[in-house]
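Visitor: Could you take me through one part of this model up close, and then show me how that part sits in the chain? I work in computational chemistry, so please give me the cut-offs as you go.

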Amino acid sequence: MKKVLLGIILFMFVVSLFGQQKANYRLADKFFITKMGNIVPSRDVKPGFLKDSDKFWYTYKTCEGKNYYFVDPKSGKREMLFDPVRLAEQLGEITNKAYNSKDINIVPSFTEEGKNFRFQLEGKTIEYSLASGKCRVVPKEELEKNALPKKTGNGISSVYSLSPDKSLIVYTKDHNLWLKKSEEPDSLSVQLTSDGCRDFSYSDDDEGENARVFTTKARWIKGQNRLYVLRVDKREVGTLPVVETLSGRPRLLKSSFGSSKYMMPGDKAVLHFELSFIDAESRVVTKVNLDKWRDQKVQLLHVSADNHYLYIQRTKRTCDELDLCKVDTYTGEVTVILHETCKPYINDRMQAIMFLNDDQEFLWWSERTGWGHYYLYSSDGTFRRAVTSGAWTAGEIMRIDSVKRELYVLGYGREENRHPYYAHLYKASLDKVGTVKLLTPEDANHKVTMSPSGKYFIDTYSRVDLAPHSILRDKNGKLVCELAEADLTALYATGWKMPERFMVKAADGVTDLYGVMWKPFDFDSTRHYPIISYVYPGPQQDALPVDFTITGNDNCALAQVGFIVVTIGHRGGTPIRGHYYSTFGFGNLRDYPLADNKFALEQLADRHPFVDISRVGIFGHSGGAFMSVAALCTYPDFYKAAVATSGNHDNNIYNQAWGETFHGVREEVKGKDTVFTVKIPTNMELAKNLKGHLLIVTGEVDNNVHPAHTYRMVDALLKAGKHFEMYVLPGQQHMYKGAADVFMRRKLWFHFAKHLLGDYSAESFSDMEEFNQLK
């Protein structure tokens, strides 16, 4: 009885403290992520280019229906591909069925001259004439007469690899390579290798146990009856299985992404790489000496046009040095053509290489100046020039015009007073230094599709507060024609509003940080709202949206419950803002984003009277869950509630590449041995600080962030005597699906409503039917 009275008193206190605010579940559910998928019918243009042409067709939906368009870039004309009313009538006559002219669903396939197109409907092949606007059923005889000859095949099984001159075949069996003449039966095969085994295999099926014939990692060198193969030795690497309980007898599943092997930071047993050349005629296997660094990683990059060289990259385990090498395919001789050092680590997420001019040159991406740019080298490693430069980041290469020697590349942060996360397309000369031209001038994020010839590109640009707009430009950036703009009519009719962009300072008081804010659509500026921060710390990317978004990963719906919801980029969160910015968290993988997030929220409260800084929540998934728990326990008097789903709370047991790259690994020589050690601070060390309300979750069979992360955090909380809520979602991997996903999204609403609004009404739900009645 005393407990009941105490609970009532506490509830009344909370209600009075929060001003009797109620969660608006009705409004939140209206904008639930699963209900908003098709409310904006089309957002971009997906071109269907005609063969050997820059002409293309596309479909685009608005609230008025679905239309098909045909574009001739050379003339600058965009026209309706057909009259939908007239086509629907003709299709009805052909099939004896009625068709909705506003939603015709066909896939045009154009004839080579581009004057007609065909499509399949109700088992018939129908041809439409662009000149007459008339349809006809193509007779079976005509189809058979004009049909391409059927590929009869060569009788070679798909598991076999045929030599360039088609005289020899290789395949794998029992993890080793076998060779035979193409016309001979398997019984006459010769075994080429004998050192292959499970987890150090010549087969694509590294972990197979049986003697079946299978495809091989080995690749033929064109023009030669010789092969090369890169094998990966993972025999000593440990496993990290998960337990699946929903089907039959509970069973162990593989560690991560289909493999039973899983490397952790500081592991002594890691992958080792072996490159070999194999002469199929002499049956001689030559192993290439690639050794330079202990536990180095090796990647195959490119085979030269003349097949004389194989380009490879070897990277030091400390992730701060690499060699670009060319290996002579005849002799196996290894030559270093480029050595790169970049402290504290090399950004392998954006690193790129592109060979051109018949492999006489290559473009190499590097952050040697603190900004990612492309540098031109001759094939022997002689430096020629910087193709892009300056305090901005060059990203993905969209096209190289080898005739005019021009590079088309996405760039970030070059334009003044622009959001540094926005991608713009630039053209740069390979031969003239400093000739970088902006091709997409709109202040927005741009996504481009180049035409087959490279003379034109489709540009779809948008922002979180700007509807997607698609246009056609020529290769110099000149507008050719308008294509489409997203129709938000139905979306606005629901009462939906654009989120708001904002900028604040990082905790250093100098660095600009960018964010997005979602408000309740029944927003009242005289009220005081709790603020919730949705987080993902990176470092390879952050959670900040830049393109138009309806749901904001369901942050929009959460705001409707009665919150101000924000997501903020922070130092260490993305590589596109330069090397110094992106490596801010090196050596401090747990704590680096926390001060920026807290300071940003405080600035928003100072700026906006409607933000109640005494009621702050934080949540995230994966790395965002890790950050949320760290924030709740590092600033226990600031953050009042958190939801952490599938978080990597102990990065010492997360994957090796993540921890050793982004936190750092220490290399020590002890006698004749080289030892690598890593010690990453964990969330368990902070458990004793918990004051707020934590909901912590894991998927049962998460083979990315193992459930052990959550279990260890829960164990630490139990030992510290802390109160919290925990869920394990049966059968769920790292990304939740189905009923479990719906449950967790709504559970997040309930958790923050209870602890930030003081609304405990969700506590009475026994099932979702009661939730629906509440709505």
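Guide: Happy to; helix α6 comes first, and then the core, the loops and the whole chain.

A word on the ground rules: this is a predicted model, in which local features need pLDDT of at least 70 and side-chain atom pairs count only at pLDDT 80 or more, while totals for chains, interfaces and linings use all residues. Residues are numbered from 1 along each chain as its sequence is written, and side-chain values use heavy atoms, with hydrogens and water left out.

Helix α6 spans residues 555-562, and eight of its eight residues are buried. Helices here are DSSP runs of H or I with at least four residues, strands are E runs of at least two, and both are numbered from the N terminus. Buried means under 20% relative accessible area, exposed means over 50%, and partly exposed lies in between, using a 1.4 Å probe and protein chains only. The buried residues of α6 are N555, C556, A557, L558, A559, Q560, V561 and G562. What do they pack against? Their partners are helices α2 (25-30) and α12, together with strands β36 (512-518), β37 (529-534), β38 (564-568) and β39 (611-621); contact means heavy atoms within 4.5 Å.

Just ahead of this helix, the loop between β37 and α6 holds P539. The peptide bond joining G538 and P539 is cis, with omega about 10°. Another cis bond runs from K343 to P344, with omega near 0°, and P344 lies in the loop between β22 (334-341) and β23 (353-356).

One of the partners of α6, helix α12, leads us to the largest nonpolar core. That core has 132 residues, of which L694, W749 and F752 touch the most other members. A nonpolar core here is a set of buried Ala, Val, Leu, Ile, Met, Phe, Trp, Tyr and Cys residues joined through side-chain atoms within 4.5 Å. Helix α12 (residues 738-757) gives the largest share of this core, nine residues. Leaving out residues up to four places away in sequence, L694 touches V629, L632, A642, A644, L717, F724, E725 and H751.

Two loop residues other than glycine have a positive phi. S646, in the loop between β40 (639-645) and α10 (656-662), has phi near 55° and counts as buried at 1% relative accessibility. N417, in the loop between β28 (406-412) and β29 (423-429), has phi of about 60°, but counts as exposed at 78% relative accessibility.

A similar contrast appears around strand β17 (residues 272-279), where S276 has its place. S276 is buried, with a relative accessible area of 1%, and beyond its neighbours within four places it is in contact with L227, Y228, V229, V285, T286 and K287. E281 lies in the loop between β17 and β18 (284-288) and is exposed at 58%. E281 and V242 are 39 residues apart in sequence and 46 Å apart in space, C-alpha to C-alpha.

Stepping back, the chain comes to 13 helices and 44 strands. Its radius of gyration, taken over C-alpha atoms, is 30 Å, close to the 28 Å that the globule rule gives for 775 residues, so the chain is as compact as a globular protein of that length; the rule is 2.2 Å times the number of residues to the power 0.38. Of the 775 residues, 56% count as buried.
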